[in-house]
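Trainee: Could you take me through one part of this structure closely? I would like to see how a sheet and the helices around it fit together, and then how that part sits in the whole.

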Amino acid sequence: MSADTVPVTGWGRTAPTVARVIRPRTFQEAADAVRDCGVRGGIPRGLGRAYGDAAQNAGGDVLDMTALDRVHAIDVDGGTVLCDAGVSLHRLMEVLLPLGWFVPVTPGTRYVTVGGAIGADIHGKNHHVSGSFARHVLSFELLTADGRVRTVDRGTPLFDATAGGMGLTGVILTATVRLQPVETSLMSVDTERADDLDDLMARLTATDHRYRYSVAWIDLLARGAATGRAVLTRGDHAPLDALPDRARREPLAFRTSRLPAAPDLVPEGLLSRTTVGLFNELWYRRAPRLRRGELQRISAFFHPLDGVPHWNRIYGRAGFVQYQFVVGHGQEDALRRVVGRISAQRCPSFLAVLKRFGEADPGWLSFPVPGWTLALDVPAGLPGLGTFLDGLDEEVAKAGGRVYLAKDSRLRPELLAAMYPRLDDFRALRAELDPRGVFTSDLSRRLTL
Amino acid sequence: MKDAFGLPQSLLVLGGTSEIALATARRLVTRRTRTVWLAGRPSPALDAAAEQLRGLGAEVRTVAFDALDPESHEAALGKVFTEGDIDLVLLAFGVLGDQAHDEREPLNAVRVAQTNYTGAVSAGLVSARALQAQGHGSLVVLSSVAGERARRANFIYGSSKAGLDTFAQGLGDALHGTGVHVMVVRPGFVRSRMTAGMEEAPLATTPEAVATAIELGLRRRSETVWVPGALRVVMSALRHLPRGVFRRLPV
C-alpha cells in the first residue's frame, strides 16, 4: 500500500491542500487504512473529477480507490454488473459495450469511478428519463468507520445517505449496477439551434420526452435579443437497422479518439471574454439549424472533452470554478434572471449547459430535483467572481433551488440547509454511524456537512 | 477551509489592534470569515476591535498575546489552534519606534527589534507548525518597504522589517509543498495611527487598500504583495542605486 504526502486538488485546480494519499490494493488494506486514520480522518477519492474540494482532506488521509478496479461478474442476460468501486465508467464501457450493454447513466466524462458516481449521485443527459446513477444501483458494500463492511441495499436509510453523500458515510468497495441494453455503440443525434432562452426552454419542454438523452449547450456571452441562444443535441442509441452496411459489421465496437494532452503551462488569461466570445460565436454558427439522425460515437456525443487529456489545465494556474444549480419548474423567471446576470457580467464560459431534470432522486443529498439545471465554468481568476456567484446563490436559494456539491468549491455554508432539506437527517445518521468523524473532507469542513 | 478564491472562514490576527489587520478582518468578515481570534495585549482597544467585528456578524474571541514574551507564544497560540482549524494567520504586530530618540536609547531600539523581528520569528514558527499539521492555511506577514533598503530616517525599524521579511520568505520556501502558503505583504507609507503626524511619503496608501491587496493576493496565492503595486518597480530601482547617490536622496 503506497502512501505519499502530496498537495491534492479537485478538477478545478483551486484551493490545494496537503494530505497523505493512500492507495489500497485490497479490501483488507482499505479497512486497515480506515482504521489507521488519524485525528484528521480520511476520505475516499476516485479519479478526482469532482471540481471542488470533495475528495481532499487537509492534513489527513485520502484513500485513492482506483487500484481496486476489478469487474467481478456480469449478468449478460439480466443486465447487471458487479464491480469494484474503483472501476471507471470508461472501463465498464470497454467491457460491456461488446456484450450489448451500456452504463445506465454517464456524466460528461467517462473518467469517473463507480464509487464516485454513487458518492456524488451523478446525473447525465438522460436524467429526465432515467434519473440519477444511484437509481440504477441495486446494492453496494460499504466500509464504515468502525471497520465493518456492510451490504447496503436500495431503499434503506444508509443507501439514501450514501447516494450523494460525498463519501462521508464510508468507503464503497463494490457495487451492483443495473445496465442499459443497446443494439449498437453509435448514437442517433438530432441537433437544432434555439434563438434565445425562451425558445430554448420551449423546445426542451415540448419535445424532450421523445429523446432518451437531451442537453443544450448555451452561449452565456450572447447579449440582448440573443441572450441564452443555444444548440440542442438530443438523441438515443442508434438501432441496428439505422447503421450503414459497413458499420453493421461491428455494431458494438467502442471507439474513442484522443488528442495530445493540454500543456501544463498555458498563458494566464487564455480564456478571456474575447477568446471565449469568439469560440461561442463559432460554435453556435457551425451548428446546423436542424439536423436529424446524425450518427455519432458514444465518446463524441457524451464525452467530447475526454478527447483532450488534462483539459482542465487550459484555465491556467488559478484554475476554474464550476457552478451548477437547479431551480424547480415554475421558477423559469429565476432562471431567466440568472442567465441575464451571467450575460451582463460577461462571464467567459464556454462549457455552459442547460438541461431539464426529471423526477427527484431518493438520495438525501442528491442534487437533482424536477426543473431546470444550468452548469457553467468560469476561470477562478476573474475579478469579482466570488461576490457575483454569492449573488447567484441568493437568487437560486430564493427560488427554492440548490447548487451541486460535487462541483462546489465556494458556497456560503449558511445556505446549505435551505438548499438540502434532508441535511439534518444526513448529519444525524453520520453522527451515529461515525461518531469520531473518521470520514472528513475539505468539503465537509467547509460546509459542516 | 478556504474557498476556491482563497477566502478564509477562520482568521487569527496576531496584533489584534493593528489598523491594517482590522481593515483586513472587516473585509474578510464581509466575505466568508465567521470565526476571528484577535491576539494582543489585553486592552480596551482590543475589546473595542472585537466588538466592531462582532457587529459585522463574526464570532470574535480575544486571546492574550505579547510579542515581547516569546516563551508564552506556544501556550497562547496552541490554545487557539486546538479549538479548530485556522485558515489564515495574519501576523500584523509591529512598532515603529522613534528613530531619533531610539538612537540615543539603545534599549528602546532593541524593543523595536524584539517586537518586530524576534517576536515574529517565534509567533511565525509556532503558527507555521500548527498550519502544517492542518495541511492547509495561509500565513500573511506584514512586512514593509522600509525593509527593502536601509534609510537614514528609519533604519532601526527598517532593519527589523528586513529581518522579518527575509525570515518570512525563507519560511515560505520551507513550507512549500506542505499545503501552507506564506505571503509577504510590503506596504509603503500607510496612513494610520502609527504614522500620524509624520510627513507623508509618495505613493502613500491606506489600511483598506492593503486589505484589498491581501484579498487579491490570497486569491492568486501570491508570495509577495506590494501595496500599492507600483512600489515594486520603484523599490527595485532604489535598491540598485549606489550608496553615495541614495544617501543624498531626500527620502
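Mentor: Start with helix H6 of chain B, residues 155-174, in this predicted model. H6(B) lies across strands S5 and S6 of chain B. Its direction runs at about 155 degrees to that of S6(B).

Now look at what H6(B) lies on. S5 and S6 belong to an open sheet of seven strands in chain B. Read across, the order is S3-S2-S1-S4-S5-S6-S7. The pairing is parallel. As background, strands of a sheet pair through backbone hydrogen bonds, either parallel or antiparallel. Which strands form the edges? They are S3 (59-64) and S7 (224-227) of chain B. Each of these edge strands pairs on one side only. From one strand to the next, the twist averages 15 degrees.

Zoom in on the S3 edge. S3(B) pairs with strand S2 of chain B, residues 35-40. The two run in the parallel sense, over six bridges. Find B:Trp37, then look across to S3(B): B:Arg61 stands opposite.

Another helix packs on this sheet: H5 of chain B, residues 106-134. H5(B) touches four strands. They are S1 (10-14), S4 (88-91), S5 (137-142) and S6 (180-187) of chain B. Against S5(B), the direction of H5(B) makes about 165 degrees. So S5 and S6 are touched by H5(B), and H6(B) lies across them too.

Stay in chain B and turn to a pair of helices. Two packed helices are described by the angle between their axes and the distance between the axes. H1(B), residues 19-31, packs with H7(B), residues 207-220. The angle is about 55 degrees, and the axes are 8 Å apart. That angle makes H1(B) oblique to H7(B). The crossing of H1(B) and H7(B) is right-handed. Which residues meet? From H1(B) come B:Glu19, B:Ile20, B:Ala23, B:Thr24 and B:Arg27. From H7(B) come B:Pro207, B:Glu208, B:Val210, B:Ala211, B:Ile214 and B:Glu215. By class, this contact of H1(B) with H7(B) has six nonpolar residues, one polar and four charged.

Next, step across to the partner chain. In the contact between the chains, 23 residues belong to chain A and 17 to chain B. On the chain A side, strand S2 (17-23), H11 and helix H14 (442-447) each supply at least two residues. That side of chain A divides into ten nonpolar, eight polar and five charged residues.

Follow H11 further into chain A. H11(A), residues 385-398, also meets H10(A), residues 332-345. Their axes come within 10 Å and cross at roughly 170 degrees. H10(A) and H11(A) are therefore roughly antiparallel to each other. H10(A) brings A:Ala334, A:Arg337, A:Val338, A:Arg341 and A:Gln345 to the contact. H11(A) brings A:Phe388, A:Leu392 and A:Glu395. The contact of H10(A) with H11(A) has four nonpolar residues, one polar and three charged.

Finally, take chain A as a whole. The domain assignment gives domain 1 (67-182) and domain 2 (186-410). Taken over C-alpha atoms, the centres of these domains of chain A are 24 Å apart. The contact takes 30 residues from domain 1 of chain A and 28 from domain 2. Helices H2 (89-96), H4 (127-130) and H5 (157-162) of chain A each give two or more residues to the domain 1 side. H4(A) gives the most to that side, with three residues.

Technical notes: Residues numbered from 1 in each chain as written. Chains lettered and ligands numbered in written order. Predicted model: local features only at pLDDT ≥ 70, side-chain atom pairs only at ≥ 80, totals over all residues. Axes fitted to C-alpha atoms, helices over the stretch in contact; angles between N-to-C directions. Parallel < 35°, antiparallel > 145°, perpendicular 65-115°, else oblique. Contact = placed C-beta atoms within 7 Å. Nonpolar A, V, L, I, M, F, W, Y, C, P; charged D, E, K, R; others polar. Domains from an automatic or database assignment. Left-handed = near helix turned anticlockwise from the far one by under 90°. Pairing = 2+ DSSP bridges.
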